[in-house]
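The exercises below are to be worked with the sequence and the coordinates side by side. Each task is followed by a solution in steps.

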Amino acid sequence: MKKTLLLLTILLTLISTSAISQTYPYLKFRKPTTSDNITWKFSSVGQGMDAYVTVVGSNNATVSQIDDSSKYAYAWQPFIRYTNNAGTNDTSYVDFAVSFMKTGTSNYETISNLAMTVVDLDGSGLNSYREMVQTDNGSATPIGIIGSTISTAVGSNNLALISGILTFNNIDTSNYAAMSQINFSNVSTYNLRVGVVGRVRGGTTRQSSFFFKPFSNMIFVLPVKLINFNASLTSEMPTVKWTTTSEENANRFEVYRSLDGITYTLAGEVKAKGNSQSISNYLFSDADLYGQSIEKVFYKLRIVDNDESAVWSTIVYCGDLSFNSNTNIASVYPNPCKGQLNINFKTLSESEFNIQVVDLFGKVYRNLDNSDVNGQYQLSIDLSDLSNGIYFVKVINETGNASTIKFVKN
């Protein structure tokens, strides 16, 4: 059985006004000194600091072994066992709380700048699972990794990293294609969800490794600060959108497309603002795919500087592009929404279809059918009971094809 390694590295980052420089502790998570099989204490992980890891929740998964130091002596390496077969839209995981305290006390130790790096986050093919990591810490922000295959989804109070479909067979801490990073500010404790999205066989065990040492070669400064990178179906063609919060000597964004998640070709270019310290919104409509019936399409950006140096963004995914007589969503509003969400439909199938509200990991919160849509191609849903975060409205036609659009609940 393949063991896939999730290495999560804690890095201390000191930021100056002119450049980014890093100072890292080498936190040594030796085997836990105490345990009640719910909370494990790792003593003296750093100078004057203990660490505690607590299981705070789970879904279709248990911790079968909390630590294995045979390969990396100072990593915390739990084994997660998936207890039952899971389906395509299921999410299976264990929730941990990771806390830092002053040695020998119950007083929290606050870390000013903390970065968590995920290594070897990969998938198991189109029809099986993809690994994921999620944190609910409000200060968490992602940092880009060159050539990453990992998608990043940012909500108002959570941040998720979801792997691509590729499988990486070896434990390799230099394989940046399966690495990503999350930075925290002023953190003493945070929740961490570790698991898989999609089909997994009951009895499967996945090894995860939380590694507390620097991987400084992975960190770089982008010519832009990129957020809200996503792809969706708009006007019968895929539309890629992204937002920058600042730009420095940026020249252009090259949009690359893949129909298999492996081979990418240039789909088009969008001129960058260049130098900006304000929010800039960008859009690219993939007219070459207008009206085509394609199962899946993946996009990534090549962000090019004025001197022609370039870095890659993460990958985003737009699936089930089927038009014809299917039901398709035109828009949702308000977005973000606080309670009532209105859905406008572009087309309505004469056959039966379902309308679902799902989260990042496919959990279904609403499940309606075509009888709930009025004659004006509209539907309103009260979502005031949902937690803040990123969700999707998904329309599933009788043939199994789907139209999906993202919204934020806050």
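**Exercise 1.** In this predicted model, determine whether S44 is buried, partly exposed or exposed, and then treat N37 in the same way.

*Solution.* The relative accessible area of S44 is 39%, and because partly exposed covers the range between 20% and 50%, S44 is partly exposed. S44 belongs to strand β4, and its phi is near 50°, a positive value in a residue other than glycine. For N37 the relative accessible area is 66%, so N37 is exposed. N37 sits in the loop between β3 (34-35) and β4 (39-46), and its phi, near 70°, is likewise positive in a residue other than glycine. As background, most residues other than glycine have a negative phi.

**Exercise 2.** Find which peptide bonds into P334 and P336 are cis or trans, and locate both prolines.

*Solution.* The bond from Y333 to P334 is cis, with omega near -10°, and the bond from N335 to P336 is cis, with omega near 10°. P334 is in the loop between β26 (328-333) and β27 (340-347), and P336 lies in the loop between β26 and β27.

**Exercise 3.** Establish how strand β20 is placed and with which strand β20 is bridged.

*Solution.* Nine of the 11 residues of β20 (residues 237-247) are buried, so this strand is largely enclosed by the rest of the structure. Six bridges join β20 to β23 (residues 280-285), and the two run antiparallel; within β23, N281 is the bridge partner of T243.

Methods. Residues numbered from 1 in each chain as written. Predicted model: local features only at pLDDT ≥ 70, side-chain atom pairs only at ≥ 80, totals over all residues. Heavy atoms only, no water. Buried < 20%, exposed > 50% of the residue type's maximum accessible area, 1.4 Å probe, protein only. Helix = DSSP H or I, 4+ residues; strand = E, 2+ residues; numbered from the N terminus. Pairing = 2+ DSSP bridges.
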